[in-house]
There are 2 protein chains.
Amino acid sequence: MVRVAVDAMGGDYAPQEIVKGAVRAAREDGVEVILVGTQDAIREELNKYNTSSIPIRVVNATQVIREGEPPTKALRQKSDASVMVATQLVKSGGANAVVSMGSTGALMASAFITLGALEGIKRPVAGGAFLGFAPHTVVFDMGVNADCQPRQLLSFATMGRVVAQKMLNIPNPTVALLSNGAEEGKGNRLVKEAYQLFKKSNLNFIGNVEGNDIPLGRANVIVCDGFVGNILVKFCEGLSKSIIGRLKVTLDGRLSKEEIDAIGKELFALTNMADTEGGGLVYGVDGVVVVGHGRSRAPQVAGAIHSAKLAVETNLIESLKSELARMPKIGG
Amino acid sequence: MVRVAVDAMGGDYAPQEIVKGAVRAAREDGVEVILVGTQDAIREELNKYNTSSIPIRVVNATQVIREGEPPTKALRQKSDASVMVATQLVKSGGANAVVSMGSTGALMASAFITLGALEGIKRPVAGGAFLGFAPHTVVFDMGVNADCQPRQLLSFATMGRVVAQKMLNIPNPTVALLSNGAEEGKGNRLVKEAYQLFKKSNLNFIGNVEGNDIPLGRANVIVCDGFVGNILVKFCEGLSKSIIGRLKVTLDGRLSKEEIDAIGKELFALTNMADTEGGGLVYGVDGVVVVGHGRSRAPQVAGAIHSAKLAVETNLIESLKSELARMPKIGG
């Protein structure tokens, strides 16, 4: 049975919603859960449920890193922070994966320090499906690496392909660079140089795609630097919020409140996958690490635990390792 | 009376819709229009309307540059191209502004060659209001300059401020850099370096904004490089199209077809301002140049002519010149 260490103290609704989601996962999803954090607080929450017959237990950690604390400094000062203890369980073999609802920075730093990086990776990478309109498309990097070298984009593509194969069951995923024009020769310097690397690679590279190609899912793996990825994901969240808000006004009085809410929820889910799926994997580290949104409640926590389980069951990290090792050693 | 040279041969629906839009502008908007292109074809269209009492006339140009032709090469080979002749009318003083529905590349190149660049500008810049949700916000650069220096971003900000003042009537526009985090120190190298220049400038600089701040209109002028701007604008178009398409399915049978269409149109207008307003100004050239979408029909053509008229009446170019001249000469 897959064993997942869950940081019970991370997120806006910790520990209540974290424990609730963990109980649900342990009961319904066939995973064993280790809740890591302030023992008394966790036990108080656990007492609300009948957990006698489900695989869930508690590991104590006396410290907590709050949202907004500078991650590396916080980790240095708080060696018994819940996120650190949970990550160490993966390192020691006590768990197969770690899940936290934040802070993202602390989890990433903790994972990078404790588990180490995969070959050729300088910093962790965020990626995954981005839009419900394009469920067979993953975007890498969705927000970590602001300044990239062409070779980094190649490593994003390599990881994206493995994820599309393993998590989305696409045998030979198409790969594209996000650019300001479809033709070869379009792009900023980074994209133009990466284009040449991609062409020579063993990727199923179909060239550049443009911004409007993302919701159309014109490639299975769309590669961009983390600066562009971050802006896109946040812009998408903000725009969908504005559109939903406007629709609520426009539809008011024409449809029932329930219908309007359902439409808003559907559009929200289509445009905020990280929120609704519960969390995304952190790529480039030597272990299964899932980070969820700080706003996550129990269903998203259970979803994040499920993502971790899938990644373990499909041997995702082993595949990432072997594919990254096959990347040519020279170049950008 | 403002006199606008209109490239009658540019755009998917040229010359029919161009002539129709020009007639409307000349009749209703108090502008004089010079239609430039194949004389016979234009006259044939003009004969459909009673133009005896409105200020509209034709200047012949024997060649046309099609969408997709490499602009500089095409301009070299086709010195009598309609877009070139129309731009030359501005240079010679025969017109106050030029309007074309494309190709964008040919118009920009023609304007840059014929009218020349404003001080410190290396390439033309696209900018303006981007989202109906944020009508008091302009974004610069929306798509031309893929690789930028920090100092270029400062010139975008300077131009954006003039545009916000003159075209949106905002006395002291706030200026922000688009970044992957709000705090100083967030950003890619370009944004971090530009941040320091902006801080020392006379701009009303409020720091970084993030992707979700764009629809909220968190600053009056949002600055990014043209690579990011292009991807954002196209992503926005594509996403809104997907959302509208989904809504049509969801609302089918619950609202009348007319109501659904009206909702779709409202959302389209809020998310495709360049389309609905008819065109954007090309900045950084020494003259009023408006480029519209290739798909433009008569209303958008009239809208583009109106934008040109406004820019002439507000002495936009003179203001841009004096503000750019005031920029510090040193730096990135």
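Start by selecting B:Cys148 in this predicted model: at 12% relative accessibility, B:Cys148 counts as buried. Now put A:Cys148 on screen; this residue is buried too, with a relative accessibility of 11%.

While you're there, show the cysteine sulfurs. B:Cys148 takes part in no disulfide, and its nearest cysteine sulfur, the one in B:Cys224, sits 8.6 Å away. Over in chain A, the closest cysteine sulfur to that of A:Cys148 belongs to A:Cys224; the gap is 8.6 Å, so no bond can be drawn there. Don't bother hunting for disulfides elsewhere, either: a search of the whole structure, over all chains, turns up zero.

Next, color by chain and go to the interface. Select the contacting residues and you should get 41 from chain B and 41 from chain A. Putting the two chains together buries about 4,000 Å², with carbon and sulfur atoms giving 71% of that area.

For the polar side of things, look for residue pairs in polar contact between chain B and chain A: there are 12, counting pairs with both residues at pLDDT 80 or more. What does the side of chain B that touches chain A consist of by class? It has 22 nonpolar, 11 polar and eight charged residues.

Then pick out the salt bridges; six cross the interface of chain B and chain A. One to zoom in on joins A:Glu266 to B:Arg246, where the closest N and O atoms are 3.3 Å apart.

Last stop: show chain B as a cartoon. Helices H7 (189-200), H8 (213-216), H9 (226-251) and H10 (257-271) of chain B each give two or more residues to the side touching chain A. Highlight H9(B) for the largest share, 16 residues.

Conventions. Residues numbered from 1 in each chain as written. Chains lettered and ligands numbered in written order. Predicted model: local features only at pLDDT ≥ 70, side-chain atom pairs only at ≥ 80, totals over all residues. Heavy atoms only, no water. Disulfide = S-S within 2.5 Å. Buried < 20%, exposed > 50% of the residue type's maximum accessible area, 1.4 Å probe, protein only. Contact = heavy atoms within 4.5 Å. Buried area = accessible area lost by both parts, 1.4 Å probe. Salt bridge = Lys/Arg side-chain N within 4 Å of Asp/Glu carboxyl O. Polar contact = N/O pair within 3.5 Å; in protein donor to acceptor, adjacent residues only side chain to side chain. Helix = DSSP H or I, 4+ residues; strand = E, 2+ residues; numbered from the N terminus. Nonpolar A, V, L, I, M, F, W, Y, C, P; charged D, E, K, R; others polar.
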